[in-house]
Every structure is written in structure tokens, then in C-alpha cells.
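Reader: Could you take me through the protein surface that meets the DNA? I'd like a close look at that one part, in plain words.

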Protein chains: 2
Amino acid sequence: MLNDRKKKVLQAIVEEYVNTAEPVSSTSLTNRNELNYSSATIRNEMADLEKAGYLEKTHTSSGRIPSEKGYRYYVDELLRDDNISLEEIKYISDKLEAKVNEIEDLTKIATTTISEITHYTTVAIGPGADNQLIQEIKFVLLGPRMLMAIILTTAGLVKETIIKFDEDITEKQVETINYMFNNKLKGKPLEIIDIPLEKYLINEMKYSVKVIKPIIEQIKKAINEERQIYLEGANKAFDLPEFNSLEVAKNFINIIDEKELVADVLDSGFAKDINVYIGDENEKEELKDFSVITFKHKVGDKDLGTIGIIGPKRMDYSKVISVMKYINKKLKEKDM
Amino acid sequence: MLNDRKKKVLQAIVEEYVNTAEPVSSTSLTNRNELNYSSATIRNEMADLEKAGYLEKTHTSSGRIPSEKGYRYYVDELLRDDNISLEEIKYISDKLEAKVNEIEDLTKIATTTISEITHYTTVAIGPGADNQLIQEIKFVLLGPRMLMAIILTTAGLVKETIIKFDEDITEKQVETINYMFNNKLKGKPLEIIDIPLEKYLINEMKYSVKVIKPIIEQIKKAINEERQIYLEGANKAFDLPEFNSLEVAKNFINIIDEKELVADVLDSGFAKDINVYIGDENEKEELKDFSVITFKHKVGDKDLGTIGIIGPKRMDYSKVISVMKYINKKLKEKDM
DNA sequence: TTTTAGCACTCGCTGGTTGCGATTGCTAAT
DNA sequence: ATTAGCAATCGCAACCAGCGAGTGCTAAAA
């Protein structure tokens, strides 16, 4: 357990380092009014904090920087999560007020807004197939061999996909398909659209393979593969001093260029409302030099997916978490 | 006009520099069997080529690199445009053979394939509203206040968008709308869906403002704003030696992060089948250190948009142009 | 007339040296 | 418990020298 002064020193060092990106010296902290001690005293505390693993040195005679344990302690115990100005509140409110036709647009708006306010790279992914129930399916004939399936989920999402056939389809057939699918699938989870259903329809219900198979295949594909990924402010990362290392810059590009990886990161563990992964805490090796902060967002009670920030370990955790909390709250209040 | 040997020297320097990214010395060219002269002779030719503006030096005693004029001459006069191996032909053919449900998927496949083969960052944009005729419009009621409009164009594209209303819409209304719009718009260009049409429908045909206005507004928005941009292999750029300069790397990220900019670049002038912009030839200031190669692609006779490569001026023009030519041809042969 | 050998000259790059400044750890005094 | 004082450490920028790659030019060879 850290005594009060050590907490103050650690907090000051994290905040100073987040601001300046330079190792923090004992003297630089003596100017702060909450730390009215000589540099020697601060030095002793810093030495203790280093021994306990909260701080690190870049070389023997350098100032200190927070270790991952230090950041973790800061995030868990020291940080303010209401670090948001009136202007920022106003800006966010205005953005989220916008009228949208598709509920997913709100994810995009929220992503952009977070990136604009925090100046970090922000990513988002739509909701997965899990937990979504089918409200209705509509089939619309677009041509003699082209059908559109439109799936509405109880979460308010609309997903459409085009199906092509090797033989002509009649309006009559579409009607039966429409009836059949809705009859069978309303209120069921999205994942039900799969091989067993295909077999059932073909074998039990005696539907034509040539009609049913492409439908099931394509809908399945649409549900599973087409999760939209949003990316905002990738270029902002390059203004950070840590990106002067080409190594780091390249790693970063590799991460955000790989959609699978981003999706994986956003989909992983959600113990809390807002989840903070610092450096090695990230499951992915590629992210060990970065910090990731994610939250699931809902509009009203409708699950809309996950939004996350990827930035340096030297991240303004306080600002990011404050902004995320506020946006999370605002979205929940909204109803569609 | 350059004599034969000068052409050979210029060509050799471009190709060597493309390969190695190092200034090319006179001695290094003497090994080539098409240049069986002493280094002194080559040196004289190089000095002439420099005076004529085709070559540059990085410093007094360095080897030569091509100037933009040099690259231009190489592209216009010297390059082979069939620089593609059997394996590559096979690879491309396999990729493009894939059965797709939506014609736009071919753009994505082509983009990915080009990036994989050339190892350059590849971008693409779907076709603009111009030149597309409306084949049919379908309206589907998804809820009491939610309508989907599906527009089929003669180019085989399907565009759908969701419209929300402030009041309930009946199936009956949708039917009239359906009839009306198709009657009025079939065979017309997409741009017809605009304010004059809105006014006509409301004033002359006495349709409800509350119904027509959102429809026109949203369709207009969907047509104009939602042009899909594809981006592949952004990370590959970072393996190039020119990206060791942080300046260059940052510029590059700024370019590809800005969708508007990418769209602008892909939409600009199309004098030829394949268009090459070298450095300062690019309209955009931001691209002055890069080269861009673009081509419009069609499937059969259907316009599918533009694909382009953004890479260093030291680009393998021969390979890129060869691959683009082949893909262009293959796509044209395909029919949907 | 064209080509080439030879050589002085230029310049970037690397490695070593030096001195400065920032910062620490420790000791002894307060 | 706190602080002043001081030696020690290390990064960093500046400077220098030597090496090597490459050129331009001149004069000789083909």
C-alpha cells in the first residue's frame, strides 16, 4: 500500500510524463504545490516507488517514467474520470444529437467524435451476430435470378444482402420463401441461419436445393463476415513523439491495417464498462507497446458494438475515460 | 531526341534505381551486357543525360538517380508493359474467376490482388453517380415509419438506403410511390433524383411533403456520399526505404487517411486507359513525393469505378502497368 | 572521332573523442 | 524526517579524421 505522498508523486509523474513525453526529474516536481518538498525528498520517494515497481529509468542518471504497473495503479486508484470540459460536453452533445437514418451511423459519429476530442486513433466494430434476434426477414426480387434478403433484428439493425441463382425464380416462389422463413425464424437468434436449417428446408420441406442453398449460404456470409469496421484519426498517432521511432510507427500501421486483428481486439473480454489494457496486458503481442481502451456502446438498450482507442502507453487515460463515460451515457439516453 | 545508347543508359538507371533505391554509379552499369562500355563512357553519357534533365545527383560525387523527367521518359518511351510472369497471370485469373453476388465485390478483389502482386498500396473507389442510368427502383416497407429504397442501375449496381419518416406510411402509399418513381425515373440518369423532382412531385402531383422530401433527400445522400473506398496494403509502404524518412511516412498516412483526398485523386483526369502521375505531375500538393497510377475498370461494359496505386516515385512502373493492363483486360472479358 | 585509362577531387559516412548538462544516489548536516 | 551538497553516471551534440565510392577531366589509345 502506498502512502499518501507516494501516491501524489506517482500521480504527478504519470501526468507530467503524459504531457511532456520526457522522463520526469525530481526537481521538476518540487514546483507543484501539492508536493512542497525538496528535490532530495522527492528523489527518495521516487527511489522507493522504483523499487516497488511503479517507476522505471531509461538510464542510470535519467528521470523516471511510469512502469506498466505504475500506469495500472494510476488508472485503478488515482485518475479522475470526470476530466471533461463544458465545451467538450457541448461538442459531444451536438454531434450525438444528429438525426440518423441507420442506427449504425451513430457508431460512426461516436467514433469520429472521440477521435476528434482525444486526438487518439479510434476504431469501432458493429455488433456481432451473437445476442441478436431476428425480427423479420424480407425477400425482394431484383431480377429473374437476383434476390435481396433484408433482415431486421430486434436490436434495430438492418442487414441486406444479394443472392444470385443459376435458374429463374418466380414471384410465387419468393412469396413462399418469405412466408416460410418468417414463420420459421421470427424471434430466433441470427445464428439459426445455418446448415441444419438448410437441410431441414430441403429434406423435410422439400424445397429446391438450387433455391435454398444459395440463400442460406449468402445470408450466413453476410451475417458473419460483413462486420463494419470504422477507423478514425490514424494520422493523429503520427504526431506523437513515440512515433519518431520507425519501429513503433510500423507496428502501429500493421495493427490498424489488419482488420481481423482490430476486430479481435475489440471483441475481447469485457469485465467492466470501460476496459483498459496497458502494454503487455493486451492479449495480442503486436500491441505490447500500446494501450487500448474499449467500451461496448448501446443506443437505448440496443447493442451497437464496441468502440476503442489505440494509443501509446503514455496515454491521457483520464481524458479518454472521461470522454468515453460521457459518450456512453449520452448514447444510452438516446432512443431510436 | 536521345540516341540509342542514352536510352539504354537511362533505362538501366531507372531499373537499377527501382531495384536498389541507391544512386546508380557508372561502374555498376558496365556489367550489363547491353552496355558493353567502360565506366568512363557511361559517365559521359550520364553527364549528358543530367544536363538534359533526365538524371539528378544527390551530391557532387554520388551516383545518379532519375529525375521526374527521366521517369516520365521511361514511362512514355522505354518501359515494357508485358512484364508479368505466368505465375502472376495464373494467380490473377484464379482470383478474378471467383463467383461474386455483388458486382462491387470484384473491385475489392481486384484491389487486393493488385496490392498482393505489386506490393504497393492500392486504393479503389466505386463508380460515381455520373453516367449511370436507373433501371428500376423498389421501395420496401420495413416498419411503419421505415422504408428501404433499392435502386438498380443499368450498370448492374444495386444501391439501397433506409428512409425514416415522422409519420406512419401505409402499404398503399408505398405502392403509389413505387409506381410513380418507376414511371418517372426508369432509364433516367441517377442525378435526376434531386430538388426539381421533389418540387414536381409535391407541387404538380400533390404528394405529401412529409413523404417525398425524406425520400429524395436520403436517396440523394446515398448516391452522392456513400461511395465506397477500398484500401489495401497500406502497411506495405512502410517496408520501402523511402519510408525511413518520418516526413515521408507521415505524409503518406495523411494522404490515405483522408478519404476525400483519395477519392479526388482517383476521380481526376483520364486521358488514357492507364494514367501515370509522377511526383509534381499530381494535382495534389500532398502527393508531390509520390507517384500515382490509376485506371478505370469495367466488368463487361459496366463501369465499376477507378483503381489506383500510390507509391514512391521510384516505383516499378513496368510491373504495375503490366499488372493493371492484364487485370483490366480480364475484367472486361468477364460478364455479369 | 570515339573510347578508355588514370588520377585528383568531392562528399557522405563511420568511429572515436571530448565536454556539457541533466539527473541521480548517497552522506552528512539540519 | 528532511534537506543541502557533491561525486558519479550517462546521453547527447560537436568536432575531427580517415575511408571509400563516385565523379569530372585530361591525355592517351583505338
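Author: Here's a walk along the DNA-facing surface, one strand at a time, and then a look at how the two chains relate.

Some ground rules: this is a predicted model, in which local features need pLDDT of at least 70 and side-chain atom pairs count only at pLDDT 80 or more, while totals for chains, interfaces and linings use all residues. Residues are numbered from 1 along each chain as its sequence is written, chains are lettered from A and ligands numbered from 1 in the order in which they are written, and side-chain values use heavy atoms, with hydrogens and water left out.

Let's take DNA strand C. There are 21 residues around it, and A:Ser26, A:Arg64, B:Thr41, B:Thr60 and B:Ser61 come nearest (a residue is near a strand if one of its heavy atoms lies within 4 Å of it). By type, they split into 4 nonpolar, 12 polar and 5 charged (Ala, Val, Leu, Ile, Met, Phe, Trp, Tyr, Cys and Pro count as nonpolar, Asp, Glu, Lys and Arg as charged, and the others, Gly among them, as polar). Of the strand C atoms within 4 Å of the protein, 78% are sugar or phosphate and the rest belong to bases.

Now for some atom pairs. A:Ser26 has a polar side-chain atom 2.7 Å from a phosphate oxygen of strand C, and B:Thr60 likewise has one 2.7 Å from a phosphate oxygen of that strand. For B:Arg5, a side-chain N or O atom is 3.2 Å from a phosphate oxygen of strand C. Helix H3 (39-51) of chain A and helix H3 (39-51) of chain B each supply at least two residues here (helices are DSSP runs of H or I, at least four residues, numbered from the N terminus). H3(B) gives the largest share, 4 residues.

Over on DNA strand D, 20 residues lie around it, with A:Thr41, A:Thr60, A:Ser61, B:Ser26 and B:Arg64 nearest. A side-chain N or O atom of A:Thr60 sits 2.8 Å from a phosphate oxygen of strand D, and a polar side-chain atom of A:Arg5 is 3.2 Å from a phosphate oxygen. A:His59 instead places a polar side-chain atom 3.5 Å from a sugar or linking oxygen of strand D. H3(A) gives the most to this surface, 4 residues.

How do the chains relate? Chain A superposes on chain B by a rotation of 180° with 0.1 Å of shift along its axis, RMSD 0.1 Å (least squares on C-alpha atoms of residues with pLDDT of at least 70 in both). That is the relation of a two-fold axis.

Conventions
A polar contact is a pair of N or O atoms within 3.5 Å; within protein, one must be able to donate a hydrogen and the other to accept it, and residues adjacent in sequence count only if both atoms are side-chain atoms.
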